[in-house]
Amino acid sequence: MEAYSVFKDLAIIVIAAKACGILARKLKAPQVVGEIVAGLLIGPSLLGWVQQTDFLMVMAEVGVVLLMFSAGLETNLKELMKTGPIALVIACAGVFIPLGAGTLFYMAMYGAAPWGSEGFLKAVFVGTIMTATSVSITVQTLREMGRLKGRVGTTILSAAIIDDVIGIIVLTVVIGFKDENSRASTTIISTALFFVFALVIGYVFYRVFKKIDSMYPHTRRIPIAGLALCLGLAYIAERYFGIADITGAYVAGIILCNIQDSEYIARKMDINSYMLFGPIFFASIGLKTDIKNFSMTLLVFSIGFVLVALVAKIIGCGLVARLCRFSGKDSLKIGIGMMTRGEVALIVAQKGLSAGFLESEYFTAVILLIIVSSVVTPILLKILYHGEPADVQEAS
């Protein structure tokens with residue numbers, strides 16, 4: 001393939017992804033869904049205009065690293081500290097109940113597998129995909145209704161953030177088990193050592209960045225240095241600890257989320273993600289999704305996957321919220337508010353494909369989950385909140 005042909009591929013991806021993204025937004029669906037559909041349209045499954053190449057795979061990997069860095073930057077640690085134990089308990093239920101439900105669902109579809117076998121790890125990975133909650137979709141829904149600052153809204157927001165942190169840790173551990181030369185204890189120890197390393201190095205870099213930020217506020221050297229930290233920790237996570245590069249990128253974002261210019265860094269990162277790397281990542285999912293081999297079994301799997309993923313979140317988060325003395329109606333709001341899926345679910349699925357846990361045709365189920373949860377959640381929340389006054393903080 002000629003070297004310059006990559007420019008043709010990039011031009012097609014950017015135009016198609018943005019056009020479909022805008023259309024999806026007008027149809028009240030997440031923009032990322034449109035970008036995935038664009039990849040499906042221009043990829044080998046349909047029009048065949050763009051083929052998956054090593055170059056596009058590398059660009060997509062950079063894209064996912066930047067997305068996770070941005071997610072870390074948007075984490076509000078102070079808000080997490082305020083909501084404390086309740087949000088943590090709800091988040092844990094929102095991770096481990098879908099994890100268990102997804103594992104059992106896969107085994108019910110394809111048969112039980114012995115502990116530690118490849119079939120067992122695939123089942124666990126399907127459950128891992130179900131653990132993610134889309135903070136961005138949840139927040140936007142609550143903000144539009146004026147419900148973000150109340151007790152329920154704050155709990156949902158904090159639990160969703162903690163949910164993603166725990167989900168990334170689970171993903172890191174599960175991927176570590178894929179290495180046939182590693183044992184469970186080795187994987188867990190490596191993961192624990194990385195987070196100890198991240199805690200120490202994170203404090204050092206936080207102090208350094210805080211000092212630089214006070215000396216040179218709002219200058220481009222700060223996001224440049226932040227990007228270097230993101231890429232460096234992504235490399236260290238994979239190379240020296242054997243865990244996912246996105247974990248290192250996410251930690252880099254959390255390190256910098258409390259410095260004065262964290263929003264400035266996030267805006268600069270969004271420019272790269274919005275214009276190029278984000279569209280390439282989401283379109284690459286469409287390029288990898290194989291619908292030619294889609295069968296009735298896969299259709300049944302996709303429908304079951306969506307139903308289990310949604311119900312497991314509602315039961316897990318809602319039941320624990322009820323135990324934490326929320327009213328029945330508010331518990332249901334929390335459960336439904338936690339069931340949206342978005343970028344993190346796609347990132348987890350992408351990692352599973354790279355690690356050999358997932359075949360490309362199963363991306364259809366993940367995409368369907370994102371579409372259904374993104375459409376159904378706002379409708380159900382509006383029904384539950386109907387007739388109630390908006391939060392005072394939001395209405396003022």
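Over the ring of which residue does the charged end of R221 sit? In this predicted model, the ring belongs to Y216. The charged end of R221 lies 4.3 Å from the centre of that ring. A second contact of this kind involves R239 and Y240. Here the charged end of R239 sits over the ring, 5.3 Å from its centre.

Aromatic pairs were searched for across the whole structure, and 10 were found. One of them joins Y110 and F301. Its ring centres are 5.9 Å apart. The planes meet at 45°, and the pair is tilted. This pair links distant parts of the chain, with the two positions 191 residues apart in sequence. Y110 belongs to helix 4, residues 77-110, and F301 to helix 12, residues 296-323. The two partners differ in burial. Y110 has a relative accessible area of 34% and is therefore partly exposed. F301 has a relative accessible area of 2%, so it is buried. Both residues also belong to a cluster linked by ring pairs. Its members are F105, Y106, Y110, F301 and F305.

A further pair is formed by F194 and F241. The ring centres lie 5.4 Å apart and the planes stand at 75°, so the geometry is edge-to-face. The cut-off for that class is an angle over 60 degrees. This pair, too, links distant parts of the chain. F194 is in helix 8, and F241 is in helix 9, residues 221-241. They are 47 residues apart. F194 is buried, because its relative accessibility is 0%. F241 also counts as buried, at 18% relative accessibility. The limit for burial is under 20%.

I236 is another residue of helix 9. Its relative accessible area is 23%, so it is partly exposed. Which residues does I236 contact, leaving aside its neighbours within four places in sequence? They are F197 and F241. F241 is thus a contact of I236 as well as the ring partner of F194. The C-alpha atoms of I236 and F194 are 9.0 Å apart in space. In sequence, these two residues are 42 positions apart.

Helix 8 also contributes to a pocket. The second largest pocket holds about 430 Å³ of space. Its lining consists of 17 residues. Those nearest its centre are F195, A198, L199, V251 and I254. Three elements give two or more residues to this lining: helix 7 (151-176), helix 8 (184-215) and helix 10 (245-256). Helix 8 supplies the largest share, 7 residues. Is the lining of this pocket mainly nonpolar or polar? The count is 14 nonpolar residues against 3 polar ones. No charged residue takes part in the lining.

A last site lies in helix 13, which spans residues 328-337 and includes S331. Is S331 buried or exposed? Its relative accessible area is 3%, so S331 is buried. Not counting residues up to four places away in sequence, S331 touches G318, A321, R322 and F326.

How values were computed: Residues are numbered from 1 along each chain as its sequence is written. This is a predicted model: local features need pLDDT of at least 70, side-chain atom pairs count only at pLDDT 80 or more; totals for chains, interfaces and linings use all residues. Side-chain values use heavy atoms; hydrogens and water are left out. On a 1 Å grid over the protein atoms alone, a cavity is a set of points where a 1.4 Å probe fits but cannot get out, and a pocket is an open set with protein on both sides within 12 Å along at least five of seven lines; lining residues have an atom within 4 Å of a point. Grid points are joined across faces, edges and corners, and a volume is the space filled by probe spheres set on the points. Helices (H or I, at least four residues) and strands (E, at least two) are DSSP runs, numbered from the N terminus. Ala, Val, Leu, Ile, Met, Phe, Trp, Tyr, Cys and Pro count as nonpolar, Asp, Glu, Lys and Arg as charged, and the others, Gly among them, as polar. Buried means under 20% relative accessible area, exposed over 50%, partly exposed in between (1.4 Å probe, protein chains only). Contact means heavy atoms within 4.5 Å. Rings of Phe, Tyr and Trp (its six-membered ring) pair if their centres lie within 6.5 Å; planes under 30 degrees apart count as stacked, over 60 as edge-to-face and the rest as tilted. A charge sits over a ring if NZ of Lys or CZ of Arg is within 6 Å of the ring centre and within 35 degrees of the ring normal.
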